[in-house]
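This report goes through the helices of one protein model and a few of its residues. Please keep the sequence and the structure at hand while reading.

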Amino acid sequence: MPSPSKPWLPAAIADLLLILVFAAIGRDAHARGDIVLGAFTTAWPFLAGAAIAWMVLRAWRAPFSLWPVGVGVWLGTVVVGMLLRAATGQTVVLPFIVVALISLAVFLLGYRALVALVVRVVHKRRSRV
């Protein structure tokens, strides 16, 4: 669970790693060589989008909340990521946008939902004691 002194750090690391995993899976699925460097090339616009969303939402205040932080980080990651990809001449086509929306929703909202579930279960068990 998150550290009381820096509860945002695990969430920020999880977002970063899951965006890198998304990029690496995409690179591998399309058999584009150099998965490690290629994943960073694919991921940087989305990482920038996530960082901007974190700042705009001040996500460090409630980093594991699904709403508004999780949804805002997810949408900010995809929207800013796609805009940066377009601005830098990378591919932005409707099927990729749909895949990014779905994949990043599963990743960025999924772990936050799991954290909320664990917290709820632990809280229920503690209140029974």
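In which helix does Arg-85 lie? Arg-85 lies in helix H3. The model is a predicted one. Arg-85 counts as buried because its relative accessible area is 7%, under the 20% cut-off. Leaving aside neighbours within four places in sequence, Arg-85 is in contact with Thr-42, Pro-45, Phe-46, Gln-90, Thr-91, Val-92 and Phe-96.

**Other residues of H3**

Helix H3 is also the place of Val-73. Is Val-73 buried or exposed? Val-73 is buried, with a relative accessible area of 0%. When residues up to four places away in sequence are not counted, Val-73 touches Asp-15, Ala-53, Trp-54, Leu-57, Leu-108 and Arg-112. Between Val-73 and Ala-29 there are 25 Å in space, C-alpha to C-alpha, and the two are 44 residues apart in sequence.

Pro-68 is found in helix H3 as well. The peptide bond that leads from Trp-67 to Pro-68 is cis, and its omega is near 0 degrees. In general, most peptide bonds are trans, and most residues other than glycine have a negative phi.

**Helices H2 and H4**

The table sets out the length, span and bend of two helices.

| Helix | Number of residues | First to last C-alpha | Expected span | Bend |
|---|---|---|---|---|
| H2 | 23 residues | 31 Å | 33 Å | about 45 degrees at Ala-43 |
| H4 | 35 residues | 50 Å | 51 Å | about 30 degrees at Gly-110 |

The reach of H2 is close to the expected value, and the reach of H4 is close to its expected value. In H2 a proline, Pro-45, follows the bend at Ala-43 within four residues. Both Ala-43 and Pro-45 are among the buried residues of H2. Also buried in H2 are Gly-38, Ala-39, Thr-42, Phe-46, Gly-49, Ala-50, Ala-53 and Trp-54. The cover over the buried residues of H2 includes H1, H3 and H4.

In H4 the buried residues are Ala-100, Leu-104, Ala-105, Leu-108, Leu-109, Tyr-111 and Arg-112. Their cover includes H1, H2 and H3. Two of these residues, Leu-108 and Arg-112, are touched by Val-73.

Just after H2 comes Arg-58, which is found in the loop between H2 and H3. Its phi is near 50 degrees, a positive value in a residue other than glycine. Arg-58 counts as partly exposed because its relative accessibility is 45%, which falls between the 20% and 50% cut-offs.

**The contact of H1 with H4**

Two packed helices are described by the angle between their axes and the distance between the axes. How do the axes of H1 and H4 cross, and at roughly what angle? The axes of H1 (residues 8-29) and H4 (residues 94-128) cross at roughly 145 degrees and come within 10 Å. The crossing in which H1 passes H4 is right-handed.

On the H1 side, the residues in this contact are Ala-11, Ala-14, Asp-15, Leu-18, Ile-19, Val-21, Phe-22 and Ile-25. They meet Phe-96, Val-99, Ala-100, Ser-103, Leu-104, Phe-107, Leu-108, Tyr-111 and Arg-112 in H4. By type, the residues of the contact of H1 with H4 comprise 14 nonpolar, one polar and two charged.

Some of these residues also appear in the contacts of H3: Asp-15, Leu-108 and Arg-112 are touched by Val-73, and Phe-96 is in contact with Arg-85.

Technical notes
Residues are numbered from 1 along each chain as its sequence is written. This is a predicted model: local features need pLDDT of at least 70, side-chain atom pairs count only at pLDDT 80 or more; totals for chains, interfaces and linings use all residues. Side-chain values use heavy atoms; hydrogens and water are left out. Axes are lines fitted to C-alpha atoms, for helices over the stretch in contact, and angles run from 0 to 180 degrees between N-to-C directions. Helices (H or I, at least four residues) and strands (E, at least two) are DSSP runs, numbered from the N terminus. A crossing is left-handed if the near helix is turned anticlockwise from the far one by less than a right angle, and right-handed if clockwise. Contact means heavy atoms within 4.5 Å. Ala, Val, Leu, Ile, Met, Phe, Trp, Tyr, Cys and Pro count as nonpolar, Asp, Glu, Lys and Arg as charged, and the others, Gly among them, as polar. The expected span of a helix is 1.5 Å times one less than its number of residues. The bend at a residue is the angle between axes fitted to the seven residues ending there and the seven starting there. Buried means under 20% relative accessible area, exposed over 50%, partly exposed in between (1.4 Å probe, protein chains only).
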